[in-house]
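Open the model in a viewer and keep a selection prompt at hand. The stops below go from the whole chain to single residues, helices, cores and voids.

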Amino acid sequence: MNNFLEKGVEAVDSLIAYMARYMMGKDFAGYCELATAIGLTDQDIKRKPHRTSPYILVSDSNSLLTVFDVQGTYQIISEDFFSQMIDSLRVKMSGYMQRFGHSMTFSFERDPDRSLDELMRLAEPQLKSARRIGLKSEDIIIDRVRRNAPLVAWEQNLLIVYTHINVMSPEEIKREIKDRAQDAIKHKLPRIAYGQNPATVLMAMKYRHDTMVERIKFDFEKCGVNGQPGIMLRPITAHEAVKRVRIMVNRERTSQKFRPVLPGDRFIPRGREDSVDFSDLVPPPVSYQICTNDIQTKGELIKTDDLWHGNLSMELGPQEPQPFSSLFATVDREIPWRLRIDLSPGGLNEMRARQMLVSFVGLLPDNKQIRESFDDLNERSKEDVICSMKVTASTWSSSERETKRRMAALEKSIQAWGICQVTSVHGDPLAAWASTIPAFTTKNVANRLVPPLTDALKLMPLERPATPWSENGSLVVRTPDGKIYPIQLGSRLQDTWIELITAIPGSGKSVWLNTMNHAAIYKAGNVRLPLMMFADVGPSSSGLIYLIQDSLSDDRKHEAVYLRLQNSTKYAVNPWDTQLGARFPTEREKDFLKDFMTLLCTNAAEKVAPGACAQVNEKLLNIAYEACATKSPNVYEPQVSPEIDNLLETSGLKEKHDVQWWRDATWYEVTDMLFGAGYVREAAIAQRQAVPILQDFSGHLKHETIKHMYGEVTVQETGEPLLSYMHRCFSDAASTYALFAGRTQFELNNETRIISIDLQEMVGSKTPEGCLRSAIVYMFARQMAAKNYFINDDMLSNIPPLYHPYHMKRIADVQDEQKTIFYDEFHNTNGLSAFVETVKKDGREGRKWGIRVGCASQFLSDYPEALLDSATSVYVMRGGSQGDEKVLREKLNVSDEAIRRLQREAVGPGPDGGNFLAFFKTKLGTITQMLTNTVGPIEMWAFSTTAEDMALRKRLYKRIGQSQARKLLAEHFPLGTATETIEYMKEQATDKEDTSVVAQLAEKLATSYEKNINKQKELCL
């Protein structure tokens, strides 16, 4: 009897709960159809092993849905090209848009108020890296965020792909439901009335859904014309999808770190126990995890905690369909808004009853135009699919009045979007608001429209600029129209990392270079300063070095070094030095040395060395190192290195051997002795005496092997014997370049991580001979600073076991991180082949070594064709160059529309930053976009290379310190330059002035700063 009563009470409770939820004062959770998710199956993981989270959500009507992030188009395309893309997409989609079973929802949301949150989300990994590295530079990262926040808006562009239960036949549905019920009985599945019950999912639909999802992704990605990629789609996980829906519903109370509980997640039982219902042992339905806030209505407006939401729906579709970009351009940039478009098959089928009614009264004049419109749709349906479409929109603000104003503005924009009619009256405001939230429900209060598929696709938000790094880019820029655009430097989506920059003076190149390399320092996961080397002509990169130094503690400032190179033995480094203990160079070192020696033999006018020089140099290297290692090693001589002599005496090492041993001892043996005793630095100094130097190769040209193989070879242009020509080249180099004509004198601190080498005093003129000199010093700088970037386990086979533990630690240290080699003012080298070959090798093998290789020059034509072919990232900072445009068209296959925008928009830095064209080769496809680099005022002052600004900054650095000087300059000149003020002061100067206006301005700023500091100290006392 008691059991019967308990069941009766439960039945009444269920009835009351149902009526309360669906009939009397339905709560907002009742509008949400999301119930649960399908956990990953073994087959899912087998197909895509990287998957760790479910990707299919399930509605309470058993529909399956997957959410895509629609990034947009890979390329900048014209209106005509977009029309061709839409037509290509129509052809691909026609098959599955003609039959029921699947539908799609497109949703675009733009919110300027969330820009700061999104920028801080992207900056968070950088801030964490800065703290791990020990850089006190959080203020500079946040300064950039604050500068960009007013200029951008957070965007979300989603595509939801549905598979509905009617994808199966009625008989199949019955069979599946019956099988599911039998399985539940067989496995004694308990009752779960108020929680997620994955057992209710019809798994027979999953295969169809997976097939549909893969096909849509393929169709969108491949809809480009002439083999170009189309529209970038990125599937997002079920957890991420639910989080995004919840933010739309409850943005005031939802953290960016919110994570719903889905099947497979760790879950703690909740609620009270029930003897017959086990809902407390499973997560609550997804709808209740989304809808947790109080929602009120006032008229047609929705009130959440702090926001008022207004909703619109389209009553009549556009008479002249316009692309989404025209709507985007007319909506006020300060207004947050969301657009949702539901698209499903069978538009004419759903209008069949109305069509029949019209045919009955078609004789009446008033119905003639309606009948003709149906006739037109019937005709178009023979070539184009007729769809069913519903369109809703929403906007919001913190006040009722402002929301109404924004609704009016948004309504006007939609009305102008191809001449539409819109309404804000719906009867049920909750249902209207739910209809604007993608994936929340399939129900939509908007009028049903029946456009051809071509017209419908034209309205979709598919034309936004795509980035494949939207979630994790370390370098954050923006598009000119305000989309946040992250870039990942050294991305795994690129096969190699060769970056080319082109810009004439005044185009913002130096700022962009420093911005890129500054971002690379804070890349997610970095635990210390990365290894970076810059070969610069002038002080452009000095600002970055000083910025890093200022952010480090006093005992670590040596980790970043700015070096102004001079042709002096003070900076001498022997390129032919080997790794400590090694008698021979590594294979990569040998390749470099061959190219370097070939460059020394290059004919400046022809830009190449005589044909056999490379082969001779390869033989010479083998002969020279063999001689130093075994055949005629360099014998230890006292007084060559007083430091080594003194150590041998004081350490007692000299007493371990007799006089005869020391008379025959080689420098390699002394090196081994010192290293074995723990004197690592001194061992390296000793080894410098053991290796070949440049002058040795002139002597080895007389080696029998060389003479036998190349003695009769002549230089084609002059008829001079090749070996005589090479002897003259080596002799000239030895007398010209004190930098590498002898033994190493200069040594970097072992803890130096970032070095900028200024070649201003070393580069040659613009003559062929001057360009050859420039290429030589560029290669020398590369070897000087980046030689140890190219070490790995392979080199241990040629090094005595004594040194293995030392080198294994170094190898692990270097291999764990990404490294950078950058050459500024690349045009100084005039494309000399030996130097280009080194850059190409470094770049093409860069992925293996973990190295980014970058070059900057004034024009794209400065780069040899081979380097352009290898480039994976290209940045054009200024439009208007016909040569650049030719290269962009012919080599990089950039569209005419992109070049038009380059000409129109990339005209040099302005108050809000500088526009530039970015080109990326990725595994997903080639990406070309117009972007804007906007630097914060503190960062701008650190990077500025304008002569007047540099002079002012230098004076203040000396007077009040670097950090304080940058903040002071940013406060007084927030645009990052004082040139206008300086020019004005020059115009106002009198003949009584005895100091420069820069000195006067510096004195004025410094005095004001010091007065404020003293005043604050007095107040504290």
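**Whole chain**

Of the contacts in the protein with a separation of 6 or more, 78% join residues 24 or more positions apart. The model is a predicted one. Show it as a cartoon: there are 39 helices and 23 strands. Along the principal axes, the C-alpha atoms fill a box of roughly 115 × 85 × 75 Å. Colour by accessibility, and 56% of the 1021 residues count as buried.

**Tryptophan 433**

Select residues 429-434, which form helix 15, and pick out tryptophan 433 in it. Is tryptophan 433 buried or exposed? Its relative accessible area is 0%, so it counts as buried. Next, show what surrounds the side chain and backbone of this residue. Leaving out neighbours within four places in sequence, tryptophan 433 is in contact with Phe28, Met248, Val249, Ile295, Ile302, Thr304, His309, Asn311, Arg338 and Ser394. For a long-range distance, add threonine 981: the C-alpha atoms of tryptophan 433 and threonine 981 are 53 Å apart, with their positions 548 residues apart in sequence.

**Alanine 605**

Now go to alanine 605, in the loop between helix 19 (587-600) and helix 20 (613-631). Its relative accessibility is 59%, and exposed means over 50%, so alanine 605 counts as exposed. Select threonine 767 as well: it is 162 residues away from alanine 605 along the chain, yet their C-alpha atoms are separated by 8.9 Å.

**Helix 3**

Select residues 79-93, which make up helix 3. What span should its 15 residues have at 1.5 Å a residue? The expected value is 21 Å, and the end C-alpha atoms are 21 Å apart, so the two agree. Show side chains for Phe81, Phe82, Met85, Ile86, Leu89, Arg90 and Met93, the buried residues of helix 3. These buried residues pack against strand 3 (64-73), strand 4 (102-111), helix 7 (204-221), strand 6 (231-235) and helix 16 (453-459).

**Helix 30**

Move to residues 833-844, helix 30. With 12 residues at 1.5 Å each, helix 30 should span 16 Å, which agrees with the 16 Å between its end C-alpha atoms. The buried residues to highlight in helix 30 are Ala834, Phe835, Val836, Thr838, Val839, Lys840, Asp842 and Gly843.

**Nonpolar cores**

In soluble globular proteins, nonpolar side chains tend to be buried together. In this model the largest nonpolar core has 123 residues, and Leu565, Met726, Phe730 and Phe740 touch the most other members. Helix 28 (residues 768-786) contributes the largest share of this core, 11 residues. Another core, of 76 residues, lies apart from it and includes Ile141, Val511, Trp512 and Ile548.

Return to phenylalanine 730 and list what it touches. Residues up to four places away in sequence are not counted, and the list is then Met597, Leu600, Cys601, Asn617, Leu620, Leu694, Phe697, Ser698 and Leu701.

**Cavities**

Switch on a void display. How many cavities of 30 Å³ or more does a search of the whole structure find? The search finds seven. The largest cavity has a volume of about 230 Å³. Its lining has 19 residues, and Gln126, Ile141, Arg144, Ser474 and Val476 lie nearest the centre. Helix 4 (115-133), helix 5 (138-148), strand 13 (475-478) and helix 17 (509-521) each give two or more residues to that lining. Helix 5 gives the most, with five residues. By class, the lining of the largest cavity has 11 nonpolar, five polar and three charged residues.

The second largest cavity has a volume of about 90 Å³. To frame it, select Ser510, Leu513, Asn514, Asn517, Phe534, Ala535, Asp536, Ser540, Ser541, Phe822 and Asp824, which line it. Helix 17 gives the most to this lining, with four residues. The classes here are four nonpolar, five polar and two charged residues.

**Second largest pocket**

Finish at the second largest pocket, which has a volume of about 1400 Å³. It is lined by 40 residues, and those closest to its centre are Leu748, Asn750, Asn788, Tyr806 and Arg810. Helix 24 (680-687), strand 18 (754-758), helix 28 and helix 29 (804-815) each supply at least two lining residues. By class, the lining of this pocket has 18 nonpolar, 10 polar and 12 charged residues.

Methods. Residues are numbered from 1 along each chain as its sequence is written. This is a predicted model: local features need pLDDT of at least 70, side-chain atom pairs count only at pLDDT 80 or more; totals for chains, interfaces and linings use all residues. Side-chain values use heavy atoms; hydrogens and water are left out. The expected span of a helix is 1.5 Å times one less than its number of residues. Buried means under 20% relative accessible area, exposed over 50%, partly exposed in between (1.4 Å probe, protein chains only). Contact means heavy atoms within 4.5 Å. On a 1 Å grid over the protein atoms alone, a cavity is a set of points where a 1.4 Å probe fits but cannot get out, and a pocket is an open set with protein on both sides within 12 Å along at least five of seven lines; lining residues have an atom within 4 Å of a point. Grid points are joined across faces, edges and corners, and a volume is the space filled by probe spheres set on the points. Ala, Val, Leu, Ile, Met, Phe, Trp, Tyr, Cys and Pro count as nonpolar, Asp, Glu, Lys and Arg as charged, and the others, Gly among them, as polar. A nonpolar core is a set of buried Ala, Val, Leu, Ile, Met, Phe, Trp, Tyr and Cys residues joined through side-chain atoms within 4.5 Å.
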